[in-house]
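Colleague: I am new to reading models like this one. Please pick a single part and take a close look at it for me.

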Amino acid sequence: MPPHLSIVIIDRNSPSTANIEKLLSQFGETVKVMGTTADFNEGLRNIQATNPTVVILQVEQLDRGVEEVKQIRATAHRTTVFVASAQKSADGILSLMRAGAVEYLLEPVESSDLIDAIQKVGRIL
């Protein structure tokens, strides 16, 4: 895995954010969280400022998530977007992937799922 994979987390659920950060800490210095926020617009500004490798976007409404993924991709077209949600709608998940998300993580996010997703990104880069 390349050193210093940078990540921005946009998550409206504080306990979930803490869980994701804890899981990411397993990667040591190869993964750096550049910022976390519950506010999408603040997260978008953070993405513009830091140009992270990965954005982990937590969504509650899949249709809103589709628009947010599109905004992230328009802002940082080389950034990989993971979406985390408790929603299980196959059509909604497909829409997120078509919008530009590359990974869908079912909440609560399992450590093995997040680790696998991060390792995939590391192999691609």
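**Strand S4 and its surroundings**

Modeller: I start with the charges. The protein chain has 12 positive and 15 negative charges, and their mean positions lie 5 Å apart. Lys and Arg count as positive, Asp and Glu as negative, while His and the chain ends are left out. Each charge is placed at NZ of Lys, CZ of Arg, CG of Asp or CD of Glu.

This is a predicted model: local features need pLDDT of at least 70, side-chain atom pairs need pLDDT 80 or more, and totals for chains, interfaces and linings use all residues. Residues are numbered from 1 along each chain as its sequence is written, and side-chain values use heavy atoms, without hydrogens or water.

Now the overall plan. The protein chain holds five helices and five strands. From the N terminus they run β-α-β-α-β-α-β-α-β-α. These are DSSP runs numbered from the N terminus: helices are H or I with at least four residues, strands are E with at least two. The C-alpha atoms fill a box of roughly 35 × 30 × 30 Å along the principal axes. Of the 125 residues, 46% are buried (under 20% relative accessible area; exposed is over 50%, partly exposed in between; 1.4 Å probe, protein chains only).

Strand S4 covers residues 80–85, and six of its six residues are buried. Thr80, Phe82 and Ala84 point one way from the strand. Val81, Val83 and Ser85 point the other way. Both sets are buried.

What does S4 pair with? Strand S3, residues 54–58, runs parallel to S4, and five bridges join the two. Strands pair if DSSP finds at least two bridges between them. One pair of bridge partners is Leu57 and Val83, the latter in S4.

Next, two helix residues that reach S4. Ile72 sits in helix H3, residues 62–75. Why is Ile72 called buried? Because its relative accessibility is 0%. Ile72 touches Val81, and also Val55 and Leu57, leaving out residues up to four places away in sequence. Contact means heavy atoms within 4.5 Å. Phe40, Leu44 and Ile47 are on the list for Ile72 too. The C-alpha atoms of Ile72 and Arg45 are 10.0 Å apart, although 27 residues separate them along the chain.

Leu96 belongs to helix H4, residues 90–99. Its relative accessibility is 0%, so Leu96 counts as buried. Beyond four places in sequence, Leu96 contacts Val83 of S4. Its other contacts of this kind are Leu62, Gly65, Val66, Val69, Ala101 and Tyr104. The C-alpha atom of Leu96 lies 23 Å from that of Val33, 63 residues away along the chain.

So where does S4 stand? Val81 is touched by Ile72, Val83 by Leu96, and Val83 is also the bridge partner of Leu57. Such links join residues that are apart in sequence. Across the protein chain, 68% of the contacts with a separation of 6 or more are between residues 24 or more positions apart.

Two loops deserve a glance before you go. Asn51, in the loop between helix H2 (40–50) and S3, has a positive phi near 45 degrees. Glu107 and Pro108 are joined by a cis peptide bond, with omega about 0 degrees. Pro108 lies in the loop between strand S5 (101–106) and helix H5 (111–124). Most residues other than glycine have a negative phi, and most peptide bonds are trans.
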